[in-house]
Amino acid sequence: MKKVKPPKYFHQFFKWFCHPEFYEELAGDLEEMLEEDFVDRGSIYARWKYRKEVIKLFRLSVLKEIRFSYPISISLDMLKNYLKIGFRNLKRDKVSASINIIGLGLGFVSALVILLYVHHELQVDTSFENGDRVYRVINDERPHRETGRLLVTVGPPFAPTLAEEFPEVEKAVRIRYTENVVFKSEEQQYYENDVIYVDKDFFHLFSFPLAQGDPVTALSEPNSIVLTPEMSQKYFGDESPMGKSIMMNEEVSLQVTGILEESPKKTHLEFDFLISFETFTVPYGYPVTLESWGWISFHTYVLLNQGVTPQTVDQKLTDFVKRHVYTNRSVSATYSLQALSDVYFGSKEMMNSGEHKHGNLSYTYGLLAIAFLILLVAGFNFMNISTARSIRRAREVGVRKVIGAKRINLITQFTGEALAVSTISVLFALLLFELSRTPLFEYLNWQLDFKYQDYLILIPLLVAGTFVLGILSAIYPAILMSGFKPINVLKGKIKSGATEMNIRKVLVVLQFTITIGLIVCSLLVSQQMEYIRNKDLGFDREQVISLQMRTDDFLERYQLGKQLFSRHPQVLNISAGDVINGDYGSVPITPAGAEEGIAMNWMGGYFDYCSTLGLEILEGRDFSISHPIDTLTGIIINESAQRALGWDEAIGKELQVNSNINGQVIGVVKDFHFHSLHAPITPMVITVPRTYMRNIILRISPTNDMDNLIASLEKDWMQIAPDLPFHFTFLDEDLNRQYEKDQEFSRLISFFGGLAIFIAGLGLYGLIAIISTYRIKEIGIRKVLGASVMNIYLLLSRNFIILVIIANLIALPLALWVINGWLEQFSYRTKVHYSLFVIAILISLGIALASLSYQVIKTARSNPIKAIRHE
Amino acid sequence: MENNYLGEFQEIVMLTILVLEDNAYGVTIKKELKKRLNRDCSRGALHTALTRLQKKGLISSEMGGANATRGGRRKRYYTVTNTGKLSLKEAKESRDQLWKAIPNFSLKMV
């Protein structure tokens, strides 16, 4: 006869959970049934039935006892009792339970969101296959001269020569950022800014996966382009663009040779388009070639061979630059390799690093600290409410002890309850997070693409967090409660002890210290943001529109544009040139007779440039159509440049700009903030550019009808440049873009600060609810003896108000100290006004009173007879 | 008295044990319930009922001899104790009393 075997795992599972006393008979019965079912209905049915029976056997009457090693042995019955009592307690005090769960839940949600963000930030540039061997060449002029710069770029021949001469270097890749590129497919044309030229081995260093195309050859031919899927969709719709062509700047036809799997996200490189470096040509008017070592505008990345340390290359670089860069002069910069992992967070002060994305490590850690503080506030709520409620459970503790519970049993019980509550709040937090994720990220303006896999990273952290927070916040109340003397408790002698009160006070003070600290910080951060928005930048940032026009016959079209635009009464001034957006070249400026130049920033502008941007001219004049020679020799400098050159009188002095422009200073403008307010004002020269200009700049009068004006400008545009897209920006928007990270931080700190306040307020509400019930008799008697509602109100809230004031005294100097550190990264910062402290004190008192008042007034107004009879 | 209270299922199980005489163990009880009353119960549910009855002292059990058909495992045979029989009788009597007290016409189908 054929035999049937019981399903292995189910049998093992049964053997594991079954009480040994019953195992033999039950296993026997199961097997007998299995065999009978097998004979009657076949093996599939029989085995299915077996599984079903095993699952149904998983019940208390069959389970074996759970044993922990001594001294905590919990029998099943005790566990049942603990569960029952725990849930009864939760149910009995719904307010405290929900405050605990909501508070912890919100704390966990903030921690989740912040961890996700921090994780994302720390992941940047970590996913490339060879990433640990990739370095960027940087050079530091600062050790050599005072006005030196720290640059992340080198000349164009650097990479190929390095790869050729250094056996340690496996591959070297140049990256050239470019902007204001017009792309045109059959139907679509747009301006694009995230366009980079890269050498053919780009994917070797940065292994972005390609959805289509071959990473080895995609960028090796001239006129090849690789697109992100978004751009492929934008220009080619749903069709595959592979092999199709796309026009760049009406000049070059590029062939699509690859599509990325997804847009670059977790990397400092910022691009939508990759163009093969072979396509790159020197822009019109640049006095350089691709062999110019001095054209310091190329990000150069190298892939070192396995086992090579960057230090060995650093040492050899000194000799390398002596031979190539500084052939006939002394070496004036130290070259070294910067690890790829340092690029995202470590390029803040470096010149030309503005072309790629940046992280801010202090913001990242600041956020982590905020997450920790919020969890702390939520944990303190939990501790406070548990200790305050402990009196209610004093009898239970007494009875348990009399029956024979050891202290460790009680501690285990209370800690277990706390863990259960914190588990519930984690589940609540996950639900909340899942529901609020999209709007929250939108509000915080985060481009996080959250994937469900990310939960896998978060869940272990959450589990750990649940345990740590649960145990930490439970251990004190557990020790306290388990220490009750049974005799006293059962006689009803227990009162809230002095130490317990003190600890509670300390916790409330700490909570409010954190909260007030966060309030002050967020107030100051937003004050600084406000300061940035309103600071006099030395030019008038309102009402300036720039229109992008990328074309070789810019000047002819500009003349026509000037004619057309000036017919609008709202248009006050018209010029052309660079917009102020924090992104400028830096060139050597050599006064007549001097040997060595001084590095200064360089902007290009056309006639009426200063008056259009609203720069204040201190001496001399603006570029003017009445002096056509200005386009060749006119130079305007700022005050800092005048100081750097050591001139008392600047007008008429001769200067050489970037070795190709020789001219005279015709004007000095007042210092203006062309960099962001993070950086001090540096020397700057303005000339009429020798290259093509890219922007028409209009100053308009304040108007309520901006839409109409824009519409009529666009109508004019159709005559000026019907072949080019109409694309305009406002100057103040361009400027604000420099503060994106700061604004993000500002939003975050106010959001999480608000959350912390809410959680702390919630805790105070719960605390006062419990405390006022303990004092209900006292209040009743006081009222009978003639106390007014106001007296009672003051009596109950006085202590808390004092605590909040103490918290203010601790928090204000601390917060000031922290925030000053943050402010220091701005060269121009708001002054800390004392009114800020008044506001912080008022807000914290307001929150405290708001959370107290409802319960306190309710208690104070209650009928004293009921209170005194209450038992 | 709570101790003597017999659940309906427990009563049926005890009666089934009596029906099976000296062959009452898990599988046979389960099969008998299915055969006579067309009532399905899981082995787990039966186990709960049996342990409770045993705890109340209404049935007793002992392990039988080994048998090759069930992987060599022994069976636990159940018998109804005298207390058990008594409480079954009591249960029946109290029901009979109620039956007798019903006026005849009440049972006519309307």
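Is A:I545 buried or exposed, judged by the C-beta neighbours inside 10 Å? A:I545 counts as buried, because 21 C-beta neighbours fall inside that distance and 20 are enough for the assignment. The legends below describe close-up views of a predicted model.

**Figure 1. Surroundings of A:I545 in strand 15 of chain A.** Strand 15 covers residues 544-548 of chain A, and A:I545 is part of this strand. Leaving aside residues up to four places away in sequence, A:I545 touches A:L698, A:I700, A:F728 and A:F730. A:L764 stands 219 residues from A:I545 along the chain, and the two C-alpha atoms are 52 Å apart.

**Figure 2. Overall view of chain A and its domains.** Chain A contains 27 helices and 25 strands. The domain assignment divides chain A into domain 1 (8-57), domain 2 (75-124 + 359-495), domain 3 (131-355), domain 4 (496-534 + 738-871) and domain 5 (550-723). Domains 2 and 4 are each written as two segments. Between the C-alpha centres of domain 1 of chain A and domain 2 of chain A the distance is 41 Å. The C-alpha trace of chain A extends over about 105 × 95 × 55 Å along its principal axes. Its radius of gyration is 36 Å, against a value near 29 Å for a compact globule of 871 residues. Of the 871 residues in chain A, 39% are buried. Among contacts in chain A with a separation of 6 or more, 82% join residues 24 or more positions apart.

**Figure 3. The largest nonpolar core, with A:V685 among its most connected residues.** This core has 120 residues, and those with the most contacts inside it are A:V198, A:I225, A:L274, A:V302 and A:V685. Domain 3 (131-355) and domain 5 (550-723) of chain A both contribute residues, so the core lies between these two domains. A:V685 touches A:I589, A:M600, A:W602, A:I635, A:I637, A:A641 and A:V657, when residues up to four places away in sequence are not counted. A second, separate core has 91 residues, including A:I99, A:F108, A:A371 and A:V856. In soluble globular proteins, nonpolar side chains tend to be buried together.

**Figure 4. A:D608, a residue other than glycine with positive phi.** The phi angle of A:D608 is near 65°. A:D608 belongs to the loop that runs between strand 18 (598-604) and helix 18 (609-613) of chain A. What is the burial state of A:D608? A:D608 is buried, because 20 other C-beta atoms lie within 10 Å and the class begins at 20.

**Figure 5. B:E21, a residue other than glycine with positive phi in chain B.** The phi angle of B:E21 is near 50°. B:E21 sits in the loop between helix 1 (8-20) and helix 2 of chain B. B:E21 is exposed, because 8 other C-beta atoms lie within 10 Å and the limit for this class is 12 or fewer.

**Figure 6. Overall view of chain B and its order of elements.** Chain B has 4 helices and 2 strands, and from the N terminus on these elements follow the order α-α-α-β-β-α. Along the principal axes, the C-alpha atoms of chain B fill a box of roughly 55 × 30 × 20 Å. The radius of gyration of chain B is 17 Å, whereas a compact globule of 110 residues would have a value near 13 Å. Buried residues account for 25% of the 110 residues of chain B. Of the contacts in chain B between residues at least 6 apart in sequence, 48% join residues at least 24 apart. The average pLDDT of chain B is 86, and 91% of the residues score at least 70. Where pLDDT is low, the predicted coordinates should not be read in detail.

**Figure 7. The contact between chain A and chain B.** Chain B contributes 16 residues to the contact and chain A contributes 17 residues. On the side of chain B that touches chain A, helix 2 (26-37) and helix 3 (43-56) of chain B each supply at least two residues. Helix 3 of chain B gives the most to this side, with 6 residues. By residue type, the side of chain B that touches chain A consists of 2 nonpolar, 8 polar and 6 charged residues. For the complex, the predictor gives an ipTM of 0.87 and a pTM of 0.71.

Technical notes: Residues numbered from 1 in each chain as written. Chains lettered and ligands numbered in written order. Predicted model: local features only at pLDDT ≥ 70, side-chain atom pairs only at ≥ 80, totals over all residues. Contact = placed C-beta atoms within 7 Å. Nonpolar A, V, L, I, M, F, W, Y, C, P; charged D, E, K, R; others polar. pLDDT = per-residue confidence, 0-100. Core = buried A, V, L, I, M, F, W, Y, C linked by C-beta atoms within 7 Å. Domains from an automatic or database assignment. Rg over C-alpha atoms; globule rule 2.2 N^0.38 Å.
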